[in-house]
Amino acid sequence: MTDCLFCKIVAGTIPSTPVYEDEFVYAFLDIDPKAPFHAVVIPKKHISSADEIDSENSFLIGKVFEAIAKISRQENLEKGYRVVNNCGEDGGQTVHHIHFHLLARRNLAWPPG
């Protein structure tokens, strides 16, 4: 998708600070971190939101979570972390390419505040 911010990051036309990359997934540091460690983990293939997950692309979400486990080991997040996905306007989604925030290295109380 040519006008998608995250597709442009994957393509390398917008710079990012990579944390992890494989054939299916790209992860990079968030430019406005909400925790001492805050990465954004995305499938390289454009999926607009969780509402668009189907039998053709659901394996990519599995790949995202496999990547999250690898990142957690790579970044020594043994004390724990939170994974957040926002879906739709009321859910707080501002970039319409499915993405998961990986937050760590602080106590992440619930409910978030």
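Start by selecting N76, which is exposed at a relative accessible area of 54% (exposed means over 50% relative accessible area, buried under 20%, and partly exposed in between, with a 1.4 Å probe and protein chains only). You will find N76 in the loop between helix 2 and strand 4 (81-84); helices (H or I, at least four residues) and strands (E, at least two) are DSSP runs, numbered from the N terminus. Check the backbone while you are there: phi of N76 is near 55°, a positive value in a residue other than glycine.

Before moving on, a word about what is on your screen. This is a predicted model, in which local features need pLDDT of at least 70 and side-chain atom pairs count only at pLDDT 80 or more, while totals for chains, interfaces and linings use all residues. Residues are numbered from 1 along each chain as its sequence is written, and side-chain values use heavy atoms, with hydrogens and water left out.

**Zoom out: the whole chain**

Switch to a cartoon view and colour by secondary structure. The protein has 2 helices and 5 strands, and following the sequence you pass through them in the pattern α-β-β-β-α-β-β. Along the principal axes, the C-alpha atoms fill a box of roughly 35 × 30 × 30 Å. The radius of gyration is 14 Å, which agrees with the value near 13 Å for a compact globule of 113 residues (taken over C-alpha atoms; the globule rule is 2.2 Å times the number of residues to the power 0.38).

Now show the surface. About 6,800 Å² is accessible, and 52% of that belongs to carbon and sulfur atoms (areas come from the Shrake-Rupley method with a 1.4 Å probe; for residues, only the protein chains shown count as cover). Of the 113 residues, 40% count as buried. Colour the charges next: there are 11 positive and 15 negative side chains, and the centres of the two sets lie 9 Å apart. Here Lys and Arg count as positive and Asp and Glu as negative, without His and the chain ends; each charge is placed at NZ of Lys, CZ of Arg, CG of Asp or CD of Glu.

Which share of the contacts between residues at least 6 apart in sequence joins residues at least 24 apart? The share is 54%, where contact means heavy atoms within 4.5 Å.

**Go inside: the cores**

Hide the surface and show F37, V41, I71 and L102 as sticks. Of the 19 residues in the largest nonpolar core, these four touch the most other members (a nonpolar core is a set of buried Ala, Val, Leu, Ile, Met, Phe, Trp, Tyr and Cys residues joined through side-chain atoms within 4.5 Å). Two or more residues each come from strand 1 (18-21), strand 2 (25-29), strand 3 (37-43), helix 2 (58-74) and strand 5 (100-104). Which element gives the most to this core? Helix 2 does, with 6 residues. Apart from this core lies another, of 9 residues, with F6, F28, I42 and V95 among them.

Centre the view on F37, in strand 3. F37 is buried, with a relative accessible area of 4%. Beyond its neighbours within four places in sequence, F37 is in contact with V19, L29, I71, E75, L77, L102, L103, A104 and R105. Try a distance label from F37 to L103: the two are 66 residues apart in sequence, yet their C-alpha atoms are 5.6 Å apart.

From F37, step across to R105, in the segment after strand 5. R105 counts as partly exposed, at 45% relative accessibility, and has a positive phi of about 75° although it is not a glycine.

**Three loop stops**

- Select H97, in the loop between strand 4 and strand 5. Is H97 buried or exposed? H97 is buried, with a relative accessible area of 0%. Setting aside neighbours within four places in sequence, its contacts include C4, F6, I42, P43 and H46.
- Select S49, in the loop between strand 3 and helix 2. S49 is buried at 10% relative accessible area, and beyond four places in sequence it is in contact with C87, Q93 and I98.
- Finish with D30, in the loop between strand 2 and strand 3. D30 is buried, with a relative accessible area of 17%. Outside its neighbours within four places in sequence, D30 is in contact with H38, A39, V40 and H101.
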